[in-house]
Amino acid sequence: MGVQPNPLRVLLIGNGGREHAIAWKLSQSPLVESIIAVPGNGGTATCSKTINNTSVSSEDFPALLELARKNNINFVVPGPEAPLVAGAVDFFEDAGIKCFGPSKAAAHMEGSKTFSKDFMKKHKIPTAAYENFSNYEKARQYLDSVQHDVVIKASGLAAGKGVIIPTTKDEAHRALKDIMQDKEFGSAGDEVVIEEFLTGDELSILTFSDGYTIKSLPPAQDHKRIGEGDTGLNTGGMGCYAPTNIATPELVAQIDRDIIQPTIDGMRKDEMPFKGVLFTGLMITSSGPKVLEYNVRFGDPETQTVLPLLSDNTDLAKIMLACSKGHLDSVSISIKNEFSTTVVVSAGGYPESYAKGDEIIIQTPPPAVNIFHAGTKLVDGKLQTAGGRVIAASATASESLRAAVDKAYEGVKHIQFKDMYYRKDIAHRAFKPTADTKEALTYAQAGVSIDAGNKLVERIRAAVRSTRRPGADAEIGGFGGEVDLAKAGFFTSASAGEEPIMVGAIDGVGTKLMIAQAVGNHRTVGIDLVAMNVNDLVVQGAEPLMFLDYFGCSKLNGEVAAQFVESVAAGCREARCALVGGETAEMPGMYSADDYDAAGAAIGAMLPRNRLPRLDAMKPGDVLLGLASSGVHSNGFSLVRRILARENVAYSAPAPWATTSSLSSTTPTVGESLLTPTKIYVRSVLKALPHLKGLAHITGGGLTENVPRTLPAHLAAEIDVATWALPPVFRWLKAAGNVQAAEMARTFNTGVGMVAVVAAEDAETAAKVLRDEGETVYTIGRLVERAAGGEGCVLKGLEGW
């Protein structure tokens, strides 16, 4: 049995409906002796055990501390976000008075939307794609560049009103100007978050935590817009209901598991453990729940809705103490099997200009209805309006949500003041049409635009047609592509008696795509895709004949897709293969924001006499020729990105591997340099084919792993890496990443993108043919006998790197 705590004398900071509901529930606790509300409102003034005090400002911490000491206060509950973000908990606990709420560091989760979005990204908590801006011009340019709908958020505290959901691009620009230039929300708008607009149903979840354990209250749904049907300006909240019918036990468990617990764990790991109540605003999208925002205190009007659902024997004061002392797992929280609804009544004109000082008349409400005050005050014994959201009627019912809604509206009838306004459709989303009356959905409403796909086909048709070759017309729009081998030249008198062999290759571009997406340049990665496939074909002695691509995304951006396919066509022209078909897959929810993935397949043919490698012909002394690469090509980019991130080098920065003498206004950026496309070796290699015994395409695994793939088991490649200069980009990556030379050789191409095996007597002729076709050729080594259990590729001179 635990030690009985001392009677609590509570200082409650705040004057809203949330604070009235907290005082109402705390006053029911046998642990609570008294409550002082600063400044409180007309409702807290009538609460049991509660008195208001307006002699000090709720923002004046030293004065609040003096008041607390005079009244032997031993527990402080800051209600709104402002005192928490300003460090109220740290201040009072440093003075020896326990508090319910997060530290100043933890409260930054609400104090800065930029900070909270970056936190979610770091800890892989599902949220909308976003960008942060402190520069108005850059934010304006970003708005112009995006195709999806957006939400604009003032990063700092804006009394719950700093979130703008524009419906047009013009509205978005006006909102951005209002926030960043005209300072509609003051310094809260010095920085903004522009994020992807998510569609789905919103949920709000209040979760108690002691920094380790979480205990969530029933999910609620708020109504932010002033007008019925969720129209008009944003407000602090015009009503709420709980529990929601979309929050199945499975969904609630998923939210706790995938979002709330990782949030609490992440805050603790980041040395800002969260104690108090965390408000998590969620959007339930087609791809699962995603976080819209965090608040570090009770929500309003969610508090007025969910606290009445706590059972009579669930002690809020005991819960708060357990959170502050770190033993929440010892406390039981029981929820009534009931429904709850809150209808907020505001002053006429809210959320714009409105009157104050109008007299309020309240009649005794029906059973199971509570009247929670917000913008009210007592003046000479009379209740008057003192804010925009004035008062609310909250009701519970065991029968149904409809019963709770009806009771709440019955409660509103017992409130009277001049020009009062309230929405008449609270909980309307819970009463959506049934399956019999639902509108018929279309593929477009599900996020897939067939029209956009058709427009893309027309846009790229000319580029695709430019890849035609003998045997393949390169026309798209059908169900597949074909090649006529006879017209392609595989049944001539020169090939009499030889049946062509079909060869296929399939590959992707890997995380190089992430750089293309980050810098918004999609005009080269299609060449990479072709190169990765046709280079794999040609090392087998095959001539590429046709190519097919795949482009997958969540939302088809026609311009991006067109740039990509046009670059695929450019690669096909270089490789002399026809782009005969492809697939553009628009899959809502599969990828994040504007991200996409790509893959390709190349089909070719060869005559049996050209098949490589010719293992039986290889012998010790055969020469290894290295064909220079054009850069990093398409492998090793996970390591590249890790090095850049650690060195804090942006893709927009000048490439640090550029020599000092070449630095100028035309120096390529990091992104531009890394997006140099993979070299296509098809033309040169096919010319030299009669002189070749084998070829190795140097991709992932580098020289170390790829050269042995073209050799017989009894031979090894002996390569002297001093025979060519390590290109500047690899020298920089090695130094910046402190990458060992052997690791470089098994990760990157290190300047050699293709290795050819030739007879010693043929080496000079083969090299000349390759050089005549434009290749830079190095004589890099030879074949040697491979010792039992020995390596297939021995690299000499690595110490020189």
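**Exercise 1. At what angle do helix α5 and helix α6 pack, and how many Å apart are their axes?** Classify the arrangement and describe the contact.

Solution. The model is a predicted one.
- Step 1: α5 covers residues 104–111 and α6 covers residues 113–122. Their packing angle is about 100 degrees, and the axes are 6 Å apart.
- Step 2: Angles of 65 to 115 degrees count as roughly perpendicular. Therefore α5 is roughly perpendicular to α6.
- Step 3: On the α5 side the contact consists of H108, M109 and G111. α6 contributes K113, F115, S116 and F119.
- Step 4: Sorted by class, this contact has 3 nonpolar, 3 polar and 1 charged residues.

**Exercise 2. Treat the pair α7 and α8 in the same manner.**

Solution.
- Step 1: Helix α7 spans residues 136–145, and helix α8 spans residues 169–180. Their axes come within 11 Å and cross at roughly 165 degrees.
- Step 2: Angles over 145 degrees count as roughly antiparallel, so α7 is roughly antiparallel to α8.
- Step 3: The crossing of the two helices, α7 and α8, is right-handed.
- Step 4: From α7, the residues Y136, A139, R140, L143 and D144 take part. They meet K169, A172, H173, L176, K177 and M180 of α8.
- Step 5: The class count for α7 with α8 is 6 nonpolar, 1 polar and 4 charged residues.

**Exercise 3. Which strands stand at the edges of the sheet that contains β1, and why is one side of each left without a neighbour?** Then place the helices that pack on this sheet.

Solution.
- Step 1: The sheet is open and has 5 strands in the order β3-β2-β1-β4-β5, with parallel pairing.
- Step 2: The edge strands are β3 (50–52) and β5 (98–99). Each has a single partner strand, so one of its sides has no neighbour in the sheet.
- Step 3: At the β5 edge, 2 bridges connect that strand in parallel to β4, residues 75–78. F75 stands opposite K98 in β5.
- Step 4: Helix α1 (residues 17–26) packs on the sheet and touches β1 (8–14), β2 (32–39) and β3. The direction of α1 makes about 170 degrees with that of β1.
- Step 5: Helix α11 (residues 316–325) lies across β1, β2, β4 and β5. It runs at about 95 degrees to β4.

**Exercise 4. Describe the sheet that contains β26 and the helix packed on it.**

Solution.
- Step 1: The order in this open sheet of 4 strands is β25-β28-β26-β27, and the pairing is mixed.
- Step 2: β25 (501–508) and β27 (578–586) are the edge strands; each has a single partner, so one side of each lacks a neighbour in the sheet.
- Step 3: From one strand to the next, the twist averages 15 degrees.
- Step 4: Strands β26 (residues 543–553) and β28 (residues 596–606) run antiparallel and are joined by 10 bridges. The bridge partner of F551 is A598 in β28.
- Step 5: Helix α16 (residues 558–575) packs on the sheet with contacts to β26, β27 and β28. Its direction makes about 170 degrees with that of β26.

**Exercise 5. Which residues of helix α14 are buried?** State what covers them and how the chain continues.

Solution.
- Step 1: α14 covers residues 512–519, and its buried residues are K512, L513, I515, A516 and Q517.
- Step 2: The elements covering them include α15 (525–538), β28, α17 (637–646) and α18 (670–674).
- Step 3: G520, just after α14, has a positive phi of about 70 degrees.

Terms used
Residues are numbered from 1 along each chain as its sequence is written. This is a predicted model: local features need pLDDT of at least 70, side-chain atom pairs count only at pLDDT 80 or more; totals for chains, interfaces and linings use all residues. Side-chain values use heavy atoms; hydrogens and water are left out. Two strands pair if DSSP finds at least two bridges between them. Axes are lines fitted to C-alpha atoms, for helices over the stretch in contact, and angles run from 0 to 180 degrees between N-to-C directions. Contact means heavy atoms within 4.5 Å. Angles under 35 degrees count as roughly parallel, over 145 as roughly antiparallel, 65 to 115 as roughly perpendicular and the rest as oblique. Ala, Val, Leu, Ile, Met, Phe, Trp, Tyr, Cys and Pro count as nonpolar, Asp, Glu, Lys and Arg as charged, and the others, Gly among them, as polar. A crossing is left-handed if the near helix is turned anticlockwise from the far one by less than a right angle, and right-handed if clockwise. Buried means under 20% relative accessible area, exposed over 50%, partly exposed in between (1.4 Å probe, protein chains only).
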